[in-house]
Amino acid sequence: MADLDGKRILLGVTGGIAAYKSADLMRRLRDAGAEVRVVMTAGAQEFVRPLTFQAVSGNPVHTSLLDPDAEAAMGHIELARWADVVLIAPASADVLARLAHGLADDLLSTLCLATDAPVAVAPAMNRLMWAHPATQANVRTLTERQVAIFGPGAGDQACGETGDGRMLEPLDLVAALGGVLPRPLLAGRYVLLTAGPTREAIDPVRYISNRSSGRMGFALAAAAARCGARVTLVAGPVNQPTPAGVERVDVESAEAMHQAVMQRVAECDIFVACAAVADYRAATPAEAKIKKQADTMDIALVRNPDILADVAARPQPPFTVGFAAETHDMQEHAEDKRRRKGLDMIAANWVGRPGSGFEAEDNALEVTWEGGGLSLGPEPKTRLAVGLMECIAERFAGRDDKERA
Ligand code: PMT
């Protein structure tokens, strides 16, 4: 059972037959030591009466954004500030769409905009509604904004169909919630990260780059911020929203990324190099667009600076974590990179395979350090990032203790 002792959980209940399970969920959350307040949408109240939740929680249930009495007692902003985490279970297709589009026309959607606590959703709906491209696009948007998606599970549905769309069981939700709660493991620390690809100009309109979406690095930055660290993310050109509490520095080329990191590295405690930095750039990018002429063309390339190696080679390096993106002999190559570059830790992942590495929403990592290691995933990059950041925090604390002894 997750340790939710003393945690303040705002449980959002939306319209769906699974709403009847939310009363049991609330009981389980309270059994785990959490304090729970419930917000119900109008749709939810068609399935379960607020009195049910009031009786189990011992607190008034919040149902309306514009109720002067409720606002006088604990208004939507106070509720948003009160929560350590917001869990919406069940989360209907409608609420996923509202959150993805930033609507604020009822209490629950407004709260979700007004809180800086992590938000988790447990989708529950008919399998075709879940599979619909609109719902899937909304889920992708929410995932990119670091909303945790719990489930759904597969099985028999209330509508008589069978497939994906069942809300996860209350005990599974309680366990999953432990993974999204902020843990101040890195309070007072400064974490510097790189993410995304770099672009190396060939001429004013063309460049050399790669498939990195920035998902993995942005998820790591969000996880570091949730661990209480001050975080700077040096990002190549990607289309990712900046996680809450993260300072973002946008760069384009490897040289610009190198410069942005070197300007800040002396201050940082932990450096994580997740960017897919181009190893080479054009020796002399053309000033004007290169015209089509001969059948073949050669472009002279020169080596880019190795940001990770330069950080690790500093006289007093931060705790330095590299990534290894490999298409074959992953462990051997990763171990070679870790030793050669003098890293504290390396996280290796497969690339060029569907379902992991570049662009994918999920990933798996083989993490190694001198004398130890750990396998993480496969799972969504948002969750994987939490696991990796906790592992980094633990190893970093061990090194720090040794240095102080
Ligand atoms: O962005 P996503 O789509 O979510 O994909 C995630 C990812 C696959 C990009 C990520 O998980 C990952 O593997 N990042 C490292 C990619 C990479 O360039 O690996 P590499 O094995 O070529 O480089 C080894 C290490 O050196 C990396 O930490 C890299 O950031 C660093 N490096 C490399 C070259 C260079 N010039 N400077 C560097 O700092």
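## Exercises: the ligand and the spaces around it

By class, 14 nonpolar, six polar and seven charged residues form the shell around the ligand. The model used in these exercises is a predicted one.

**Exercise 1.** Find which residues come nearest to the ligand, and which protein atoms its oxygen and nitrogen atoms pair with.

*Solution.*
- Step 1: Start with the shell. There are 27 residues around the ligand, and those that come nearest are Ser 212, Ser 213, Ala 275, Lys 337 and Asn 349.
- Step 2: Look for pairs of N or O atoms within 3.5 Å. In the side chain of Lys 337, an N or O atom is 2.4 Å from an oxygen atom of the ligand.
- Step 3: Turn to the backbone. A polar backbone atom of Pro 305 is 2.9 Å from a nitrogen atom of the ligand, and a polar backbone atom of Arg 215 is 3.3 Å from an oxygen atom of the ligand.
- Step 4: Now consider cover. On its own the ligand has 770 Å² of accessible area, and the protein covers 95% of it.

**Exercise 2.** Work out which space the ligand takes and what lines that space.

*Solution.*
- Step 1: The ligand takes the space of the largest pocket, which holds about 880 Å³.
- Step 2: Two or more residues of the shell around the ligand come from each of helix 11 (215-226), helix 13 (307-312), strand 16 (319-326) and helix 14 (330-341). Strand 16 has the largest share, with four residues.
- Step 3: Now take the pocket lining. It has 41 residues, and Ala 275, Ala 276, Val 277, Asp 279 and Phe 323 lie nearest the centre of the pocket.
- Step 4: Sort the lining by element. At least two residues each come from strand 8 (190-195), helix 11, strand 13 (270-273), helix 13, strand 16 and helix 14. Strand 16 gives the most to this lining, with four residues.
- Step 5: Sort the lining by class. It has 19 nonpolar, twelve polar and ten charged residues.

**Exercise 3.** Search for cavities of 30 Å³ or more, and describe the lining of the largest cavity.

*Solution.*
- Step 1: Searching the whole structure gives three cavities of that size. The largest cavity has a volume of about 100 Å³.
- Step 2: Read along its lining. Among the residues there are Thr 143, Glu 144, Arg 215, Phe 218, Ala 219 and Lys 381.
- Step 3: Helix 9 (133-144), helix 11 and helix 15 (381-404) each give two or more residues to this lining. Helix 11 gives the most, with three.
- Step 4: By class, the cavity lining divides into three nonpolar, four polar and four charged residues.
- Step 5: Link back to Exercise 1. Arg 215 lines the largest cavity, and a polar backbone atom of Arg 215 is 3.3 Å from a ligand oxygen atom.

Key
Residues numbered from 1 in each chain as written. Predicted model: local features only at pLDDT ≥ 70, side-chain atom pairs only at ≥ 80, totals over all residues. Heavy atoms only, no water. Near = heavy atom within 4 Å. Polar contact = N/O pair within 3.5 Å; in protein donor to acceptor, adjacent residues only side chain to side chain. Areas by Shrake-Rupley, 256 points an atom, 1.4 Å probe, with all protein chains shown as cover. 1 Å grid on protein atoms, 1.4 Å probe; cavity = no way out; pocket = protein on both sides within 12 Å on 5 of 7 lines; lining within 4 Å. Sits in = over half its atoms within 2 Å of the grid points. Nonpolar A, V, L, I, M, F, W, Y, C, P; charged D, E, K, R; others polar. Points joined across faces, edges and corners; volume = space filled by probe spheres on them.
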